[in-house]
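Hi,

Here is the structure we talked about. Please have a look at it, then read my notes on cysteines and charged pairs below.

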Amino acid sequence: MKSFSDSYKAAGVDVTAGYKAVELMKSHVARTNIPGVVSGLGGFGGLFQPDLSGMKTPVFVSGTDGVGTKLKIAFLMDKHDTIGIDCVAMCVNDVVCCGAKPLFFLDYLAVGKNFPEKVAQIVSGVAEGCVQSNCALIGGETAEMPGFYPVDEYDLAGFSVGIVDREKIIDGSQIEVGDVLIGLRSSGVHSNGFSLVRKIFNISEKNINMHIDEFGHTLGEELLTPTKIYVKPVLALMEKVCIKAISHITGGGFFENIPRMLKPDTTAKIELASLPKLPVFSVLQREGNIPEREMYNTFNMGIGMCMAVSKNQADTAVQELNSMGEQAYIIGSVVSGGEGVSLC
């Protein structure tokens, strides 16, 4: 017999809605089952048994993040089945920067009111992100918090744990002047800078469904495009070439993230003409009257991930990535000097 409390329900928390939400999300979670999953939903902890065969010194790598104010777009559009992809992407894309394979993911969802069908939609997106990164959704938490969040709003965060053999960790220590920088195309704004995005577009119910010719669809559809997950192509490329360093281009854009993968006294020289031109960034810069440097210090500007490889492996890396369905570009090189990033 499941628990029930009239008193708790009168205070705004319906435990029976939680039970229904769990039942509705089970089919989505099942999609993420991979070898190593030991436990199902309902335990106090998620269990996972990693395959350590072939590894000399296994190292766990973890990453955690949320979705941020991009959630406001989901609220306005009343569309909740993709935002979970963003949550997973922000974590697993960080984990793979070390060369680690994500193993599992856990999410934390806090809601003003538990609408089971909406919760299931959110978790379906989390599950899709796990499928795209080939990791398992082994647990999570849904907290109903009346009075803390508005009835129709929620927050979503999570974390992932991956694994890599110590001798295969990608940490930038092998970077040399002359190495080539390869960029992987982003799907749009991803999940960063949305406080500025919402301010520039003055986002509201009045314009969220407005068709924008430059986008080819509505403003809301463009902004809610999920963050691209790069795990599978990066792990596959590691088997073909030596990737010396990887940077996930998130909040802080080029100027904050790319230097994190460089050695001191080296600079990433970025050839702007080589970057893909995504309409959303042109519109943001024009409508917000934002200086170019600030654009590259806030947004990914069409490049969601940057990798450094030896010059003699650059063409092979681009060809391999493109053969996987990615859009890869040689966007610059590593030069001497301590500027961090140089746009030219």
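Lys20 is partly exposed, at 43% relative accessible area. This is a predicted model. Lys20 forms a salt bridge with Glu117, at 2.9 Å from N to O. Glu117 is partly exposed too, at 41%. Lys20 sits in helix H2 (residues 15-30) and Glu117 in helix H5 (residues 116-133), so the bridge ties together parts that are 97 residues apart in sequence.

Helix H5 has another such link. Its Glu128 meets Arg31 in a salt bridge of 2.8 Å, N to O. Arg31 lies in the loop between H2 and strand S1 (58-66), so this pair also connects parts 97 residues apart in sequence. Glu128 is partly exposed at 24%. Arg31 is partly exposed at 43%.

Next, Lys56 and Glu167. Their closest N and O atoms are 3.6 Å apart, in a salt bridge. Lys56 is in the loop between H2 and S1, and Glu167 in the loop between strands S4 (154-165) and S5 (180-185), so parts 111 residues apart in sequence are tied together. Glu167 is exposed, at 54%. Lys56 is exposed as well, at 65%. Glu176, Asp179 and Lys244 form one network through salt bridges with shared partners. The structure has 12 salt bridges.

Now the cysteines. How many disulfides are there in the whole structure? Zero. For Cys91, the nearest cysteine sulfur belongs to Cys87, 5.3 Å away. Cys91 is buried, at 0% relative accessibility. Cys97 is unpaired because its closest cysteine sulfur, in Cys98, is 6.9 Å away, too far for a bond. Cys97 is buried at 12%.

Best wishes

How values were computed
Residues are numbered from 1 along each chain as its sequence is written. This is a predicted model: local features need pLDDT of at least 70, side-chain atom pairs count only at pLDDT 80 or more; totals for chains, interfaces and linings use all residues. Side-chain values use heavy atoms; hydrogens and water are left out. A disulfide is a pair of cysteine sulfur atoms within 2.5 Å. Buried means under 20% relative accessible area, exposed over 50%, partly exposed in between (1.4 Å probe, protein chains only). A salt bridge is a side-chain nitrogen of Lys or Arg within 4 Å of a carboxyl oxygen of Asp or Glu. Helices (H or I, at least four residues) and strands (E, at least two) are DSSP runs, numbered from the N terminus.
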